[in-house]
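Colleague: I have the sequence and the coordinates open side by side. Could you talk me through what stands out?

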Amino acid sequence: MPGPVVLVGLMGSGKTTVGRRLAGLLDRPFADADQVLEERAGRSVAEIFAADGEAAFRDLEADVLAWLLAAPAPGVVASGGGVVLRQANRERLAADDVTVVWLDAGPAFLASRVERKAHRPLLAGDEPAAEVLDRLHAERVPLYAEVADVVVDVEPFHRDEERPKRALAERIAALVRAHEGAAVAAATEGR
Ligand code: S3P
């Protein structure tokens, strides 16, 4: 049985919508990690940030990731953009049984796509979204690169494709299948 597939990338890269489509194409269950976290906590991400701070949110995020990756029926998981900040999460994502797909995009593109809504606490302050995303991009690119098995630049899809999310999901499904097939071949060879 193939292991879990986890989508990583900055806010606005399309993890949730593409992840849901990808799960459909691969015929696997889908989970949005932030949504699971909110259901378990009984509070929104914004409420948790406001009441308990970012570190408390990151603790919950790590618990949810570990729980989703241990699920009996592995599926496709859309993670929150900051999941790579914790080393323990990166170690879990880097494990052989997990296929990590990084939806890569530049900060200007992402800024044009995120709405400045209160549900994204890191974008809710006075600093312009473009500047926040610039900073997060610089900080996190090495961390996404550390865990990624598959990297997809999403911008050309949005520029060139009539139905970018569908095209992206189809491309990612092919790359995930190839990665899983190669992993199986390598494991068989090592036997
Ligand atoms: C965050 C991204 C958000 C959410 C939280 C923090 C981040 O998820 O987990 O607001 O640190 O980048 P999305 O990437 O799904 O917006």
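**Strands, a cavity and a helix**

Modeller: Strand 4 and strand 5 pair in the parallel sense, and four bridges join them. Please keep in mind that this is a predicted model.

Colleague: Which residue stands opposite Asp 153 in strand 5?

Modeller: That is Asp 104, which stands opposite Asp 153 of strand 5.

Colleague: And which side chains of strand 5 are buried, and which are not?

Modeller: They alternate along residues 150–153: Val 150 and Val 152 point to one face and are buried, whereas Val 151 and Asp 153 point to the other face and are not buried. In a regular strand, side chains do alternate between the two faces of the sheet.

Colleague: What about the loop just before, where Asp 149 is found?

Modeller: Asp 149 is in the loop between helix 7 and strand 5, and with a relative accessibility of 35% Asp 149 counts as partly exposed. Although Asp 149 and Val 176 are 27 residues apart in sequence, their C-alpha atoms are 8.8 Å apart in space.

Colleague: Switching topic, how many cavities of 30 Å³ or more are there?

Modeller: The count comes to one cavity of that volume or more, and the largest cavity has a volume of about 40 Å³.

Colleague: What lines the largest cavity?

Modeller: Its lining includes Gly 9, Leu 10 and Ser 13, together with Trp 102, Leu 103, Asp 104, His 137, Val 141 and Tyr 144. Strand 4 (99–104) and helix 7 (129–147) each supply at least two residues of that lining, and by character the lining divides into seven nonpolar, three polar and one charged.

Colleague: Now helix 4: how far apart are its end C-alpha atoms?

Modeller: They are 22 Å apart, which agrees with the 22 Å that the 16 residues of helix 4 (residues 54–69) should span at 1.5 Å a residue.

Colleague: Which of its residues are buried?

Modeller: In helix 4 the buried residues are Phe 57, Arg 58, Glu 61, Ala 62, Val 64, Leu 65, Leu 68 and Leu 69. Seen down the axis of helix 4, these buried residues fall within an arc of 170°, so they line one face of the helix.

Colleague: Last one: what is the phi of Asp 27 near?

Modeller: Phi of Asp 27 is near 60°, which is a positive value in a residue other than glycine, whereas most residues other than glycine have a negative phi. Asp 27 is found in the loop between helix 1 (15–26) and strand 2 (30–32).

Colleague: Is Asp 27 buried or exposed?

Modeller: Asp 27 is exposed, with a relative accessible area of 70%.

Note on methods: Residues are numbered from 1 along each chain as its sequence is written. This is a predicted model: local features need pLDDT of at least 70, side-chain atom pairs count only at pLDDT 80 or more; totals for chains, interfaces and linings use all residues. Side-chain values use heavy atoms; hydrogens and water are left out. The expected span of a helix is 1.5 Å times one less than its number of residues. Buried means under 20% relative accessible area, exposed over 50%, partly exposed in between (1.4 Å probe, protein chains only). The arc is that of the directions from the helix axis to the C-beta atoms. On a 1 Å grid over the protein atoms alone, a cavity is a set of points where a 1.4 Å probe fits but cannot get out, and a pocket is an open set with protein on both sides within 12 Å along at least five of seven lines; lining residues have an atom within 4 Å of a point. Grid points are joined across faces, edges and corners, and a volume is the space filled by probe spheres set on the points. Ala, Val, Leu, Ile, Met, Phe, Trp, Tyr, Cys and Pro count as nonpolar, Asp, Glu, Lys and Arg as charged, and the others, Gly among them, as polar. Two strands pair if DSSP finds at least two bridges between them.
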